[in-house]
Amino acid sequence: MQVNEFMAMVESLIVQCQAPAHARSLVEGFINGIHRGIFSGSGTEFMQYRPYHQGDELKHLDWKLYARVGEKQIRLYREETNCHCWFVLDMSSSMSYRNNTSKVSKFEYACLYIACLGWLSIKQGDSIGLIAYNEKVNAFVEPGSRRDTLETIVLALLKLTPAGQANHPTMFSTLQEHIGNRGKLSVLSDMLDFDDTLLGCFKHLTVLHHDVELLQVLDPYEQDFPFKGGQQFVDIETGQIIETAALEVKDLYQLRMSEHLKKLQDTAIQSQLHYKLMLSDQPIAQYLMAKGDLS
Amino acid sequence: MTFANPIFLAGLLLNLVPIAIHILGKTTGKPIPFTTVKIIPVEQPKAKEKNFHLHRRLLLLSRILFISLLSILFAGPKKVSSYETSEIKAEVFAYIDNSISVQMLSPEQIEAQVRSQLPEQLKEASIQYFVALPDSEELELVSSIGDVEFQPYEINHGKRIAKFAEYHYPNKILISDFQRSDWENVELPQEINSVQIKPTAGSFNVGILKAELIHEHNQGTSNSVKALLYNSSLQKQEVRVSVDFQGQVFSKDIELRPSQSQNIFFKDLPEGRGEVEIIVDAEDQLSFDNSMLFLIEPIQSHKILILSEGTEKQLKNLYLTRALQAIRIDRMSCEVEVASIHALSDLDLDAFDILCINASLVKLSTADKEKLKTFQQNQTKSTILIMNESFEAAMEIFQLPSLGLNFNGIATYPPGQSTLVSPNWQGPKETLEVNQLDLFYVDFYRYGQLKTNNSNQIHFMLENQFPLVIQINGEKASMLILNTSLDTAWSELGRSNTLVPLFQNALQRWLDPNLIEKQTSKWLKPFDKPHFKLESNRNAAYNYTRKESKLIFINPKISKTLSEQGPLQQHLDYSIIRLLMYILVALLPMMLYLEIKN
């Protein structure tokens, strides 16, 4: 698929869901956006006065006030900043799973979600960046707030193919190098191998005032297990083969799966991480709109 | 059932392949790639469940069906008569030359000669005879020589022998006298032995091979009888042939040449209904039937007079062809005369049954008008009146109200969308859709009831200026009035085909109702399309002769042809093939679906 076609599809999706382009948090940044910075600077919205100290730039001195009251006061403005939104995409081979009836794999679904949310973020002046990884980081795009950045990200996504297993520490080291100060982190993965250690790492990021959102992308078959009869299953990542009577073990499987999801969700809440489950057969607009409601 | 190409049945062995695939194939099917294998609980599938995969069973079934159907289709299933399977128990099969010359011997003599030449072990064997048909290459099967129909025609025995040679029967022989020279060109296959019939002293036969009764309707009627006599002996024979019809006997003496057939005609038999007997007298030299009976049906003859304007020569050209075409009704014969309307005073109208006038009537003299009126008042006469003036003129001349007749039919030609309007209508204004009238004669007429006022002062016309046909029915005769006053082109009606159905309509009233009842429905519909079929060749119409002939064989014993019962005819059984094709077509999508699903 060409970038242009993909972008056209993304835009049509945006139009469908008409998601309001609001960011959710206050972050520090340099580019003017609608996020309100907590530091005063060269913004346009007046915040407060403070007494003039020697060395302050005279251009910030409120001469009218000085003429009226006789006090030298410096005008402080609330600076509007943009936000660094990082998309962290798991591209292990398990993300390539797609059931017979589904149109897209989990990976494609995640890519589409990134493109849509990226488009929205660019629209409101935020910067977006990408880290896609399996054993190593396969795609890295520095945050940028121009449309070019989105196209770079989309181009990178289109070239990626899920393979191998996910090496989370490698991703974290890369992330920590570049993530800088406050920002927003959207982690898209099936999170089948997420453990407490990994979630602890993400918790560490929240301590550093990062807004971490865990987006678990699952195929409906992974949740429902709608198989019948004696079947052989081969693990996409490990190649492990098991044979089982699918219909008989269906209930047990669903129980295990729901336990896994519950555990993940509980841990995320405890760690002050935002958690959301996305099924790849659901309209993507549904999740984008839910995101809009959050702000 | 047999097969045209049984070798293709070997294709059924290919069914082993899908069976092997089914048996050896993994019971659990292809491994399914999945992600959460770690948390899938392992439970051994039940043995029963392992084997039970409905779609796999269906797939196997559909594969087997597919291969089997294709094999059978390629093999070409054939029908086989019951004859081959059970009934024939004969030990000798003979192809008998059924030319006339073989009849010089009686059936018993032929059989005796055949048996004398058979080998010892077959002398008492039963014999089945195959004979050639004159108009088909099929062979006919008969069980005794007495049932053999001997043919006067030249038959190409070479082709029939070749066909006979293809039959898989033991002890095949050929019976013939080998008198014809063309036997020299026939190659006799090795497996067929020839048996020659030889004439004995004084063996000969004379008789009627067939006879035909011929009705010729060509400007008159004649009944003729044509008989085909044959002489199968080796010497000349003098015979007397007599035809007895209605008490009159017509005789002819002829000399029949040896081994030849000869036609004899008895022409101009009197008209009427009755039996015709043909008798051949050959001084006790006959061993076959020598007489036969026919039933001659009466032929109706009518005289038609066509009156129009113009010279007689012009009128002949204009009308005669169409008139002759019109009389193509079975057993109906007509003499047609054409005359100028101006010569009406010199004509004797009583000599004619049907009068067709296509001329202006208003200019006629009073005497002529009276003559026409008198003709029409005869309840057994019919008039076809094609007027160039108003309908009221006809009313005046023929005094229609005084005849006590009602207008009981109107029609247009050609039938079409038009409204009938009557300007002089005294009652409430109404128009009649011609198309809504009675549709009994769909092809030509559309009849309907038409009311008139008390004074009968009506004038009809059609909005689209099509001619209006009004039929007035008398006790036996009818009067057809075609009002064409609005269209001068209709004065040349004689050239158009419209005249034909008008004549036929007039003629059909003369048909004997007793005869009509015996005939098919065709008789009741003289406007049936076959009668309308017009010949483009005028001469053909002039010389048109209708023949009714009946073919009667001397030995009318019915023997079944091979196509009905024959043992050797194997036809591709298209009913089975069609059924197989249907199943195959229905099977294909199911098989494709299962293949994809698998």
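## Close-up views of helices and sheets in a predicted model

**View 1. A:D235 stands opposite B:F34 in β2(B).** The model shown here and in the views that follow is predicted. Strand β8 of chain A, which covers residues 230-235, is joined to β2(B) by 3 bridges, and the two strands run parallel.

**View 2. An open sheet is formed by 3 strands in the order β9(A)-β8(A)-β2(B), with mixed pairing.** At its edges are β9 of chain A, residues 241-245, and β2 of chain B, residues 32-34, each of which pairs on one side only. If direction is ignored, neighbouring strands of this sheet are turned by 35° against each other on average. Helix α8 of chain A, made up of residues 246-270, packs on the sheet, where it touches β8 and β9 of chain A as well as β2 of chain B. The direction of α8(A) makes about 100° with that of β9(A).

**View 3. Helix α3 of chain A runs from residue 106 to residue 123.** This helix has 18 residues, and the distance from its first C-alpha to its last is 26 Å, which is close to the 26 Å expected at 1.5 Å a residue. How many of the 18 residues of α3(A) are buried? The number is 16, and α3(A) is therefore largely enclosed by the rest of the structure, where a residue is called buried if its relative accessible area is under 20%. The helix is followed by A:G125, a residue whose phi is positive, near 90°.

**View 4. In chain B, 5 strands make an open sheet in the order β6-β5-β4-β7-β8, and the pairing is mixed.** Strands β6 (136-142) and β8 (192-196) of chain B stand at the edges with a single partner strand each, so one side of each is left without a neighbour in the sheet. From one strand to the next, the twist averages 30°.

**View 5. Strands β7 and β8 of chain B pair in the parallel sense over 5 bridges.** Strand β7(B) consists of residues 172-176, and the bridge partner of B:I173 is B:N193, which lies in β8(B). Helix α6 of chain B, residues 157-166, packs on the sheet and touches β4, β5, β6, β7 and β8 of chain B, while its direction makes about 60° with that of β6(B).

**View 6. Helix α5 of chain B, residues 107-117, lies across four named strands of chain B: β4, β5, β7 and β8.** Of these, β4(B) covers residues 92-96 and β5(B) covers residues 127-133, and the helix runs at about 130° to β8(B).

Definitions and conventions: Residues numbered from 1 in each chain as written. Chains lettered and ligands numbered in written order. Predicted model: local features only at pLDDT ≥ 70, side-chain atom pairs only at ≥ 80, totals over all residues. Heavy atoms only, no water. Expected span 1.5 Å × (residues − 1). Buried < 20%, exposed > 50% of the residue type's maximum accessible area, 1.4 Å probe, protein only. Pairing = 2+ DSSP bridges. Axes fitted to C-alpha atoms, helices over the stretch in contact; angles between N-to-C directions. Contact = heavy atoms within 4.5 Å.
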